[in-house]
Amino acid sequence: MSTELPVISVIVPTRNNVRTIEACLASVRAQTHEAVELVVVDNHSDDGTPEIARRFADTVLTAGPERSAQRNAGIEAATGEWVVWLDSDMILPPTTLAVALATAIEEDAVGVALPERTIGDGFWTACRALERSCYLDDPWLHNPRLVRRAYLVDGGGFHLAMSGPEDADLRLRMHADGSRIALAPILVDHDEGRLTVADVLRKRYYYGRSIPAFAQEHEGAVGAQGKAVLRSYVRNHRRLLQDPVHAAGMVALRAMEAGGYALGARRGRRDRRGQGRRVHLQGCAQGRRAGRPARRGGRRFRRLTQRG
């Protein structure tokens, strides 16, 4: 590992992704930036993923239960000045880290976003690829992937109540405190395989469960994100008109995703209410054991949750 260049720690959380993780990790090892530390954080895979990871990574950890916790474990273990986090189905062009670091230095940025393009087979994957192509010229829609490790440590890392919106949460926190996010002139391949409607609905439902936590942290952000996406479609209407079949599929896909998000968000709100009732009952029980009126515990819990 070179001592002359800033070390970039690449963190790859994964679970049962034997299909793509080898290509992902090999692309990290093929980077022209030589000072790279590779940390894989596996969430109890049982398909051979950890064995592949050990062939490439400097460190392989086991952590969970969700992606934010995995990323935070990787950040804690990392030794680099900069941290990059990747999904295990992403493939980096060889100059990605060098270009991202140069962008950060040239633009005096705390974070750098890496635009993505979807690759894979099938109709729905092609629809997703067309959709992503509409975002390439909109820096506001790109979340950071290269960030100074000190910033992440000082800010507490990724929000543990979010799995899906945690990237947008970090972006909005950085915008709020004035930390600059630059956009690197590079494209990262995101291998989504052969997407199916069931895959899309399942993932969006899962991500949607975190929307209530995200909305609580960033009032109005969900609506603002939706409007920004629509503006990107309008801005790229000529691109969409050139491929009307996949554009129609993209619209259908986005409608299905909206339904998945909505159902997931409803479940997330129900889960949060259930958690609140459990904490309330625990507070009441503790109050009774301590000889205090039971209602006092409930009031204290409401004040604490309102602050959070």
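Trainee: In what order do the seven strands of the open sheet stand?
Mentor: Good place to start, and keep in mind that this is a predicted model. The sheet is open and its pairing is mixed. Reading across its seven strands, the order is β3-β2-β1-β4-β8-β6-β9.

Trainee: Which strands stand at the edges of that sheet?
Mentor: Look for strands that have a single partner strand, so that one side is left without a neighbour in the sheet. From one strand to the next, the twist averages 25°. The two edge strands are β3 (59-62) and β9 (181-183).

Trainee: Which residue of β3 is the bridge partner of Val-39?
Mentor: Strand β2 (residues 36-42) runs parallel to β3, and four bridges join them. In β3, the partner of Val-39 is Thr-59.

Trainee: What angle does the direction of helix α3 make with that of β1?
Mentor: Helix α3 (residues 67-77) packs on the sheet, where it touches β1 (8-14), β2, β3, β4 (82-85) and β8 (144-148). Its direction and that of β1 make an angle of about 150°.

Trainee: Which peptide bond is cis, and what is its omega?
Mentor: Go to the loop between β3 and α3, where you will find Pro-65. The cis bond joins Gly-64 and Pro-65, with omega about 10°.

Trainee: Is Ser-9 buried or exposed?
Mentor: Ser-9 is found in strand β1. It touches several residues further away in sequence, including Glu-37, Trp-82 and Val-84. A polar atom of its side chain lies 2.9 Å from the backbone nitrogen of Gly-80. Its relative accessible area is 0%, under the 20% cut-off, so Ser-9 is buried.

Trainee: How do helices α1 and α2 lie, roughly parallel or roughly antiparallel?
Mentor: Helix α1 (residues 21-29) packs against helix α2 (residues 49-56) at an angle of about 10°, and their axes are 10 Å apart. Angles under 35 degrees count as roughly parallel. That is why α1 and α2 are described as roughly parallel.

Trainee: How many residues of the contact of α1 with α2 are nonpolar?
Mentor: On the α1 side, the contact is made by Ile-21, Glu-22, Leu-25, Ala-26 and Arg-29. On the α2 side, it is made by Thr-49, Ile-52, Ala-53, Arg-55 and Phe-56. One of these residues is polar and three are charged, while the number of nonpolar ones is six.

Trainee: Is strand β10 largely enclosed, or open?
Mentor: Strand β5 (residues 90-91) pairs with β10 in the antiparallel sense over two bridges, and Met-90 has His-190 as its bridge partner. Strand β7 (residues 116-121) runs parallel to β10, with six bridges joining them. Of the seven residues of β10 (residues 188-194), six are buried, so the rest of the structure leaves this strand largely enclosed.

Trainee: Which residue follows helix α7 and has a positive phi?
Mentor: Helix α7 (residues 166-176) is mostly covered, with eight of its eleven residues buried. Among them are Leu-170, Leu-172 and Met-174. The residue after α7 has a phi near 80°, and it is Gly-178.

Trainee: Is His-44 buried or exposed?
Mentor: His-44 is found in the loop between β2 and α2. Its phi is positive, about 60°, although it is not a glycine. With 53% relative accessibility, His-44 counts as exposed.

Trainee: What is the relative accessible area of Asp-108?
Mentor: Asp-108 has its place in the loop between α4 (96-106) and β6 (111-113). Its phi is near 50°, a positive value in a residue other than glycine. Asp-108 is exposed, and its relative accessible area is 65%.

Key
Residues are numbered from 1 along each chain as its sequence is written. This is a predicted model: local features need pLDDT of at least 70, side-chain atom pairs count only at pLDDT 80 or more; totals for chains, interfaces and linings use all residues. Side-chain values use heavy atoms; hydrogens and water are left out. Buried means under 20% relative accessible area, exposed over 50%, partly exposed in between (1.4 Å probe, protein chains only). Two strands pair if DSSP finds at least two bridges between them. Axes are lines fitted to C-alpha atoms, for helices over the stretch in contact, and angles run from 0 to 180 degrees between N-to-C directions. Contact means heavy atoms within 4.5 Å. A polar contact is a pair of N or O atoms within 3.5 Å; within protein, one must be able to donate a hydrogen and the other to accept it, and residues adjacent in sequence count only if both atoms are side-chain atoms. Angles under 35 degrees count as roughly parallel, over 145 as roughly antiparallel, 65 to 115 as roughly perpendicular and the rest as oblique. Ala, Val, Leu, Ile, Met, Phe, Trp, Tyr, Cys and Pro count as nonpolar, Asp, Glu, Lys and Arg as charged, and the others, Gly among them, as polar. Lists of a residue's contacts leave out its neighbours within four places in sequence.
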